[in-house]
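The following exercises concern one protein chain. Each task is followed by a solution that proceeds step by step.

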Amino acid sequence: MAEETFNTADTAPEKAVEVSVVPEAEKVEETPAVVCEKDGTPENEGKISKSGSFKEESNVAGELPDPQKKALDELKQLVQEALNKHQFSAPPPPPEEKEKPETEEKATPVLVEETKACDETAGENESTPPPATAEPLEPEKFTVVAVTGEQTDQPAPPEEVSIWGIPLLADERSDVVLLKFLRAREFKVKEAFTMLKNVIAWRKQFGIESLLDEDLGTEQEQVVYMLGVDKEGHPVCYNAYGEYQNKKLYDETFSTEEKRTKFLRWRIQFLEKSIRKLDFSPNGVCTIVQVIDFKNSPGPFKWELRQATNQALQLFQDNYPEFVAKQVFINVPFLYMAFYKLINPFFTQRTKSKFVFAGPSKTAETLFKYIAPELVPVQYGGLSCQDEQEFTSSDSVVEVIIKPATKHIVEIPASEACTLVWEARVVGNEVTYGAEFVPTAADCYTVIVQKSRKLAATTNEPVISGLFKCDEPGKVVLTFDNHSSKKKKVMYRSKTKVPESIKC
């Protein structure tokens with residue numbers, strides 16, 4: 001997309017940033033977030049916090065700076081003129097032909113002959129009277145020839161053109177669309193208008209409207225998918241190109257030109273459907289957060305993948321301006337980040353403010369700065385699991401920081417017979433965890449629910465889950481003991497399930 005991209009699957013360093021190099025409109029004072037993992041020490045950690053407060057430009061026309069207001073008004077005027085002249089739907093002009101001159105040449109001799117005859121007759125009238133059989137000249141002939149081509153039809157009404165389901169110049173939503181093109185071209189009106197015309201022409205040629213109804217299969221949904229929203233309400237799109245390590249999926253997607261074309265059409269279709277779910281009102285959400293996962297991404301020698309993704313990338317850049325609010329690159333190798341620092345000066349500040357890079361050990365921590373843990377997929381350190389039975393994305397998560405060499409206690413009360421369910425996750429792990437049930441009655445014994453154990457950084461059990469059926473009032477106590485010299489973050493949520501018989 002003009003600034004929006006879904007990263008290519010290449011592992012070559014140049015591809016790590018190629019995905020979003022586009023013209024930008026305004027510069028902001030934010031710094032791109034880069035989490036470096038050399039020697040295990042985070043670099044520019046404070047800068048990530050700054051980037052987390054990224055604020056998009058206003059789409060309310062009344063709040064725009066005067067130069068931007070003027071540019072918007074000028075673009076709307078150009079669009080209106082184009083609609084009046086049917087320039088958006090008009091076919092390309094045919095090759096130059098001499099039809100008009102030929103018509104004139106055919107009409108001119110008629111006048112010449114008529115005039116010559118008239119002059120000759122007039123000369124004869126001066127010397128001899130006209131023969132008795134001569135017919136009088138008919139003035140109507142001159143009149144008919146003179147008005148040929150001057151008759152005009154009534155002007156046609158302005159054409160109606162829509163893009164992403166939004167009619168041009170219809171209401172405030174149209175302003176939001178036009179502002180995307182202006183920002184993509186740094187508020188250069190003529191360039192923005194040219195881009196708009198090109199996009200509309202491409203959409204017609206590509207058959208976007210019919211593409212929306214095509215059945216292109218579901219196998220790519222494990223690679224690119226939408227899940228939840230960020231803390232600002234932007235839909236989040238995940239791109240896990242490591243899935244293409246599966247040879248069967250790779251061959252079914254890229255092995256032939258026909259399959260690569262199908263992939264491209266699916267990718268455009270997916271983007272179109274996602275965009276049409278956005279709110280294009282001035283105060284609405286009309287951009288997307290992109291999360292690009294480099295884990296197990298195929299290498300640069302996958303020629304078919306490079307060709308298909310680069311083609312898709314080019315179409316995004318040319319035809320989908322300003323649809324990305326933030327691009328978060330996760331599981332990024334150190335060399336990628338080093339290369340980004342090298343070419344960093346060549347990007348505009350506004351473009352750089354949308355970039356976030358995080359290495360493998362900082363992936364979860366970085367995502368949590370922008371997306372609530374309950375909405376982050378479990379494979380990226382969150383608590384969102386596709387097969388989740390007990391909890392949903394509506395069940396909020398509590399986040400707690402455990403200081404070095406301290407304990408944190410979580411109490412889940414049970415005032416009656418019920419079933420307590422909980423799940424937790426420790427960012428960074430390397431803490432000791434245990435759970436026990438403590439009855440309210442003083443003469444009852446404490447019950448060990450989950451024996452204390454150390455959660456290593458390499459644990460294969462990323463989410464701690466537990467369930468305990470309480471036959472009497474009491475509480476489940478979760479203990480997190482941080483023995484390390486670094487602070488840890490604990491995320492947990494719980495719920496109480498009362499038997500149906502008690503509810504009644």
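**Exercise 1. Burial and backbone at two residues**

Classify Glu 322 and Ala 405 as buried or exposed, and describe the backbone at each.

*Solution.* Step 1: the coordinates belong to a predicted model. Glu 322 has a relative accessible area of 5%. The cut-off for burial is under 20% relative accessible area, and Glu 322 is therefore buried.

Step 2: Ala 405 reaches 63% relative accessibility. The cut-off for exposure is over 50%, so Ala 405 counts as exposed.

Step 3: place the residues. Glu 322 sits in the loop between α11 and β7 (324-330), while Ala 405 belongs to the loop between β9 (398-402) and β10 (406-414).

Step 4: inspect phi. Most residues other than glycine have a negative phi. Glu 322, although not a glycine, has a positive phi of about 55°. Ala 405 is likewise not a glycine and has a positive phi of about 55°.

**Exercise 2. A helix pair**

Determine how the axes of α10 and α11 are arranged, and which residues make the contact.

*Solution.* Step 1: helix α10 covers residues 257-275 and helix α11 covers residues 303-319; their axes come within 10 Å and cross at roughly 35°. The crossing of α10 past α11 is right-handed.

Step 2: list the contact residues. From α10 they are Glu 257, Arg 260, Phe 263, Leu 264, Arg 267, Ile 268 and Leu 271. Those of α11 include Trp 303, Gln 307, Ala 308, Thr 309, Leu 315 and Phe 316.

Step 3: sort the contact by residue class. The division is 9 nonpolar, 3 polar and 4 charged residues.

**Exercise 3. One residue of helix α10**

Is Phe 263 buried or exposed, and which residues does Phe 263 touch?

*Solution.* Step 1: Phe 263 is part of helix α10. Its relative accessibility is 5%, so Phe 263 counts as buried.

Step 2: leave out residues up to four places away in sequence. Phe 263 then touches Gln 220, Tyr 244, Thr 253, Phe 254, Ala 308 and Thr 309. Ala 308 and Thr 309 also appear among the α11 residues in the contact with α10.

Step 3: consider one pair by distance. Phe 263 and Glu 252 are separated by 11 residues in sequence and by 9.6 Å in space, C-alpha to C-alpha.

**Exercise 4. A hairpin and a loop residue**

Describe the pairing of β4 with β5, then locate Phe 294.

*Solution.* Step 1: strand β4 (residues 224-229) pairs with strand β5 (residues 235-240) in the antiparallel sense, over 4 bridges. One of the residues involved is Val 224, whose bridge partner in β5 is Asn 239.

Step 2: the hairpin of β4 and β5 has 5 residues between the strands, and Gly 233 takes a positive phi near 95° there.

Step 3: Phe 294 lies in the loop between β6 (288-293) and α11. With a relative accessible area of 6%, Phe 294 is buried. Phe 294 and Tyr 241 are 53 residues apart in sequence, yet 7.1 Å apart in space, C-alpha to C-alpha.

**Exercise 5. The chain as a whole**

How many helices and strands does the protein chain have, and what percentage of its residues count as buried?

*Solution.* Step 1: the protein chain has 15 helices and 16 strands. Of its 504 residues, 44% count as buried.

Step 2: the chain exposes about 27,000 Å², of which carbon and sulfur atoms supply 52%.

Step 3: take the contacts between residues at least 6 apart in sequence. Of these, 78% join residues at least 24 apart.

Technical notes: Residues are numbered from 1 along each chain as its sequence is written. This is a predicted model: local features need pLDDT of at least 70, side-chain atom pairs count only at pLDDT 80 or more; totals for chains, interfaces and linings use all residues. Side-chain values use heavy atoms; hydrogens and water are left out. Axes are lines fitted to C-alpha atoms, for helices over the stretch in contact, and angles run from 0 to 180 degrees between N-to-C directions. Helices (H or I, at least four residues) and strands (E, at least two) are DSSP runs, numbered from the N terminus. A crossing is left-handed if the near helix is turned anticlockwise from the far one by less than a right angle, and right-handed if clockwise. Contact means heavy atoms within 4.5 Å. Ala, Val, Leu, Ile, Met, Phe, Trp, Tyr, Cys and Pro count as nonpolar, Asp, Glu, Lys and Arg as charged, and the others, Gly among them, as polar. Buried means under 20% relative accessible area, exposed over 50%, partly exposed in between (1.4 Å probe, protein chains only). Two strands pair if DSSP finds at least two bridges between them. Accessible areas come from the Shrake-Rupley method with a 1.4 Å probe; for residues, only the protein chains shown count as cover.
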